[in-house]
Amino acid sequence: MSVKKRKPIRWGMVGGGRGSQIGYIHRSAALRDDTFELVAGAFDIDPVRGRAFGVDLGLDEARSYPDYQTMFAEEAKRGDGIETVSIATPNNTHFSICKAALEHGLHVVCEKPLCFTVAEATELKALAETLRLIVGVTYGYAGHQMIEQARAMVKNGDLGEIRVVNLQFAHGFHSAAVEEQNPSTRWRVDPKFAGPSYVLGDVGTHPLYISEVILPHLKIKRLMCVRQSFVKSRAPLEDNAVTLMEYDNGAIANVWSSAVNAGSMHGQKVRIVGSKASIEWWDERPNQLSYEIQGEPIRILERGMNYLYPEARLDDRIGGGHPEGLFEAWANLYRRFALAINGNRGLAPAGIEELVFPGIEAGLEGVRWVENCVRSADAGGVWVDYE
């Protein structure tokens, strides 16, 4: 008996227009598995430019809107209106757009940070839960398969008791004041648009979320943060920060968030140290996971191989030996968003116990972490209880 294929989710975008690298990644990921269909958009702050871009994408000109308010209102009148919207705009707009989308009954996929304050994130969480709507946050690196392998290894006790967590996302592309010549970077170092932090929110929350996926049983008890503006014109926002954390089980962690690590391409690494073994993942080599058992040779686990746990093979697309990258990782997340939107909440396919994706809780926790880091740093780098 044939299985009836579910129709793609009718999908719109806010932002992500011509010249937007992140907009292209969103569209490539969402459309890859035919789970979403792009039918509308408000792609640009310039309505003429945005409409032209929508037409170039093949949209009906009437559904290429001048702004998100018009799009939400007009699409709500249609029987075939959008069901989900992705938000790919500067940080300072996320809260208002996300709230408006939820109030119009739309599921949301939002760029991080979800918003600027814990109070705002809590409001969005309550609204989404009341309306039974999904909010996804694009911590895109979490879509790599080896993150699920790391999670399964911790769960199955392969590492023993978790003791130390080393996290970093420290690239070097902003080691000089590149924002003076680059408008797409300039808003990231302007508090009006970026919010209370630069690198803590922009890069630090990525490995933080990955650690939350791998170590869901660990909760932060307190932290201490210091931050610097090595390019002085960026003050009061930081371009480098170091955060120390204590977990509720006694484990410790450090997070290096930086845009001034001169010479580094990405520098995002996650190392989990247990009492028996350690694992390490590096996003520049995302298809491998280093597995280091005390007293034994290092093992390099490869994506797509049968020796991995089932959770790590669930999102396999092209088999072992073929390298996958950022687009596949984002497509994996969009597929999970689609499963959640379609009602598979808390359940994954193929008998997997749990559907793991960065949802509203992940967005809230990212905002909470930044808020606590800023509070510690602005008080002189003191320990603060995690609130």
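1. Contacts along the chain. Of the contacts in the protein chain with a separation of 6 or more, 67% are accounted for by residues 24 or more positions apart. This note concerns a predicted model, and each value discussed below should be read as a property of that model.

2. Secondary structure and overall dimensions. The protein chain is made up of twelve helices and 14 strands. Its radius of gyration is 21 Å, close to the 21 Å that the globule rule gives for 387 residues, so the chain is as compact as a globular protein of that length. Measured out along the principal axes, as a calculation on the model, the C-alpha trace spans about 65 × 60 × 40 Å.

3. Burial, surface and charge. Buried residues make up 53% of the 387 residues in the protein chain. The accessible surface comes to about 17,000 Å², and carbon and sulfur atoms hold 53% of that surface. On the side of charge, the protein chain carries 42 positive and 49 negative side chains, and the centres of these two sets lie 2 Å apart.

4. Helix α3. Which residues of helix α3 (residues 68-76) are buried? They are Y68, M71, F72 and E75. Seen down the axis of α3, these buried residues fall within an arc of 95°, so they line one face of the helix. An α-helix has 3.6 residues a turn, so residues three or four places apart point the same way. The cover over the buried residues of α3 includes the strands β1 (9-15), β2 (36-42) and β3 (84-88), together with the helix α4 (94-103).

5. Helix α6. Helix α6 (residues 145-155) is mostly covered, with ten of its eleven residues buried. Among the buried residues are Q145, E148, Q149 and R151, as well as M146, I147, A150 and V154. After α6 comes G157, a residue with a positive phi, near 80°.

6. Cis peptide bonds. The peptide bond that joins K112 and P113 is cis, with omega about -5°, and P113 has its place in the loop between β4 (107-110) and α5. A cis bond is also found from A235 to P236, where omega is near 10°; here P236 sits in the loop between β7 (220-228) and β8. A reader going through the model may wish to look at the backbone of both loops, that of P113 and that of P236.

7. Positive phi outside glycine. D34 is a residue other than glycine with a positive phi, near 60°, and its place is in the loop between α1 (21-31) and β2. With a relative accessibility of 38%, D34 counts as partly exposed. R132, which is not a glycine either, has a positive phi of about 55° and lies in the loop between α5 and β5 (135-137). Is R132 buried or exposed? At 61% relative accessibility, R132 counts as exposed.

8. The loop residue D248. D248 is found in the loop between β8 (240-247) and β9 (252-258), and with a relative accessible area of 48% this residue is partly exposed. Leaving aside residues up to four places away in sequence, D248 touches H217, L218, K219 and K221. By contrast with those contacts, D248 and R10 are 42 Å apart in space, C-alpha to C-alpha, while 238 residues separate them in sequence.

9. Two exposed helix residues. A119 is found in helix α5 (residues 118-131) and is exposed, with a relative accessible area of 58%. How far apart in space are A119 and V367? From C-alpha to C-alpha they are 9.5 Å apart, although they are 248 residues apart in sequence. V48, for its part, is found in helix α2 (residues 47-56) and counts as exposed at 58% relative accessibility. V48 and H174 are 126 residues apart in sequence and, C-alpha to C-alpha, 32 Å apart in space.

Conventions: Residues are numbered from 1 along each chain as its sequence is written. This is a predicted model: local features need pLDDT of at least 70, side-chain atom pairs count only at pLDDT 80 or more; totals for chains, interfaces and linings use all residues. Side-chain values use heavy atoms; hydrogens and water are left out. Helices (H or I, at least four residues) and strands (E, at least two) are DSSP runs, numbered from the N terminus. The radius of gyration is taken over C-alpha atoms; the globule rule is 2.2 Å times the number of residues to the power 0.38. Buried means under 20% relative accessible area, exposed over 50%, partly exposed in between (1.4 Å probe, protein chains only). Contact means heavy atoms within 4.5 Å. Accessible areas come from the Shrake-Rupley method with a 1.4 Å probe; for residues, only the protein chains shown count as cover. Lys and Arg count as positive and Asp and Glu as negative; His and the chain ends are not counted. The place of a charge is taken as NZ of Lys, CZ of Arg, CG of Asp or CD of Glu. The arc is that of the directions from the helix axis to the C-beta atoms.
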